[in-house]
Structures are given as structure tokens and as C-alpha cells.
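Let's walk through this structure together, starting with one charged pair and then moving on to the place where two chains meet.

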Amino acid sequence: MIGVGKIKQYTNVLDKPLSKGKQEVSLSAFAFLFSEMVQYNQTQVDNIAELERRLEDAGYAVGARVLELLCHREKGNRRETRLLGILSFVHSTVWKVLFGKALEIGCGGTLVRRVLMEESDRCQVADSLEKGTEHEDEYMISEKELLVNRFISIPKDMGTFNCGAFVAGIVRGVLDSAGFPAVVTAHFVPVEGQLRPRTTILIKFAEEVLRREARLG
Amino acid sequence: MAAIYSLYIINKSGGLIFYKDYGSAGRMDTNDSLRLASLWHSMHAISQQLSPVAGCSGIELLEADTFDLHCFQSLTGTKIFVVSEPGTLYMEALLKHIYELYTDYVLKNPFYEMEMPIRCELFDINLSQAIQKDRVALLGR
């Protein structure tokens, strides 16, 4: 038989290394799915805050699963227990897996290969907190253009609504499941000289997290 | 030199869902543009019926003394057409590109209602960039 012996045989399925997962997903397929998700949720709510909350809840479920998967796949079944550790886990590992790969996208019948990761700005860590956040329990992840917002124009009458609420939900899902309860929100931040505002994801940790951090030193 | 006079997008029932004019020539008020859009829709449909060629998909180019009208019809019946200076080249490519922008920034936008007028900021931004680029390319040729 051709190919026999090339693949290492594992007697026990549990000995098999966990697959890396498929790294490429069609951006169009994702965009349409996300668009439908927003449209469906819109039919279920009667105000914008409620819509934001529903998107966040959808993201939360993703975040909880992503944490489980990535701790197993990338970190050898360990998870971060320190504040800065979990934050860098979010903005490096989680971000890379969710948004950071070259995607195969189709537009108008031609396949174009594009790298989608904006050189994602680091989330601000302890001593380099961005101006405007005076609170030590607040951290920010800021991105020029969030993948979920790539094709979305918010109508004027919806005010400050941001579909990044979904991504905020993912972040909250990861943090909460890792034992760092936090309130996570997505905001548009206008940039001078730029037509489009950036999206900033604001993380505000619960008091108990900071108390625990202080105790751990 | 304004190569393109105006751009129209009409939905499958002939309603104008997007109109933009570039430059001063051929400027029209809202009623006129609506009328022209539905007129073109009907003419396009009639031309399909009258054509001596079997399987004709309708008029693609209308050449007049003072303008050219290039039309692109998508599979779903949405039509995009530009009115340009006579003899302007590479309009098919531009129309294809505009169609790409339409599929990306209009159809993937959850706040856009099908067959309704297009009010999407991202579409406007990318469209004006495309037209700008096209103009620069034309000047270079």
C-alpha cells in the first residue's frame, strides 16, 4: 500500500498530538455569517444597548472555548494566572489565532491573498499606559481596523454602536474563564487625519483581580 | 479632464439605489436621475427581447455624440452604469471593480436592506478612491 509507514501510527488516540487546526478561512464566508448574525440579533431586540449585549454574549461563548483550546494546544495545558500574563496571552496568542493569519479571500471571482493582521498594537501594559486612562484597572487593546468591522458601515442613527462588541465579548470570555472577571467594551476612537476611527477594546478588571495581583506581588 | 460624468446603480426592479455625479457636465436633479435610471432599466429589458442574437444579455454600451454609457449587469439583475466622455477606455474594468466594492461594502454590511438606497460610508470612501485612481491612470495613459 502506498503511503503506509509515512504516517506515524499511534496506538492510543490520546497520544496523538492535537492538530494545529485549519489556519485559513474565507473572509467572505465569515463576513456574510457575521452580517447575518448581526441582522438576526437586530430582529430580536428593541434597542441598541440590547443588541450590543447580545453580540457580546455571542462572543463570550467563543472566548470561553478559545481559552480552553489554546491553553491545551499552545501552552501545554497551562494557563496564565497573572494579570500581565493573561493580557499578553490575549493580544498575542488569541489575536493571532482568531485574526492574525493570512486569509484566502474572494472578491468578484478572483482569489486574492492578503495578510489581515494590522500590526496589532500592543495592549498597554503596566508602566506604559496610554494617556487618558488614569485608572490602573483599565487596559486597552486598540486596532486600526477590526476584522469584524472591515465591511461594516454603522448608520448615523445608531450613534456609537460598534460591532466590535463581539470581539469585546470574546476577550471577556477568555478573561472570565481564566479567572479574571472584567467588563470589556468596544469603542470607536477618532484619529486625527484619518477618515475612519480606530476601535479600542477597553478592559476594566474587577476589584478582586487587582487585590489578588497585589497579594501575589 | 473629467472622464466620468456620473455613476448609477439600479436594483433589479429598476429603482435607483445609488447616484453620484462627477464634474459639472451632465449634472441632473434627483427626479431626472430617477427617471433616467428606470428608463434605462426598461430599455435594457426591451433590447434583450429585440436582439437578433439568441441569449443576449442586454445593452452593454451606448455610444452617443456627447457621451458613452457603459452598463454592467450582475447575475442578480442589479445594474451598474457609468456615463462618460465619448471614447473613454477601460470602463468595463472600472465597472467590475465597482461591482466588487458593492459586493464587499454594501452586501456584507448588516445594516443595508436589500434593494434599498445605498448609504454606506465605507462604500463611498472606497468608491471615490477607485474613481480617483481611475482618473490618475487615465491621465497617465
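Buried means under 20% relative accessible area, exposed over 50%, and partly exposed in between (1.4 Å probe, protein chains only). This is a predicted model, where local features need pLDDT of at least 70, side-chain atom pairs count only at pLDDT 80 or more, and totals for chains, interfaces and linings use all residues. Residues are numbered from 1 along each chain as its sequence is written, chains are lettered from A in the order in which they are written, and side-chain values use heavy atoms, leaving out hydrogens and water.

Look at Arg150(A), which is buried at 13% relative accessible area. Its partner Glu145(A) is partly exposed, at 25%. The two side chains form a salt bridge, 3.9 Å from N to O; the term asks for a side-chain nitrogen of Lys or Arg within 4 Å of a carboxyl oxygen of Asp or Glu.

In chain B, Arg35(B) and Asp32(B) pair up too, with their closest N and O atoms 2.9 Å apart. They are separated by about one helical turn because they lie 3 residues apart in helix α1 (residues 30–50); helices are DSSP runs of H or I, at least four residues, numbered from the N terminus.

Now turn to the interface. Here 12 residues of chain B are in contact (heavy atoms within 4.5 Å) with 22 residues of chain A. Lys108(B), Pro110(B) and Phe111(B) lose the most area to chain A on the chain B side, together 47% of what that side buries; buried area is the accessible area (1.4 Å probe) that two parts lose on being put together, summed over both. One salt bridge crosses here, joining Glu121(B) to Arg196(A) at 3.5 Å.

Key. Helices (H or I, at least four residues) and strands (E, at least two) are DSSP runs, numbered from the N terminus.
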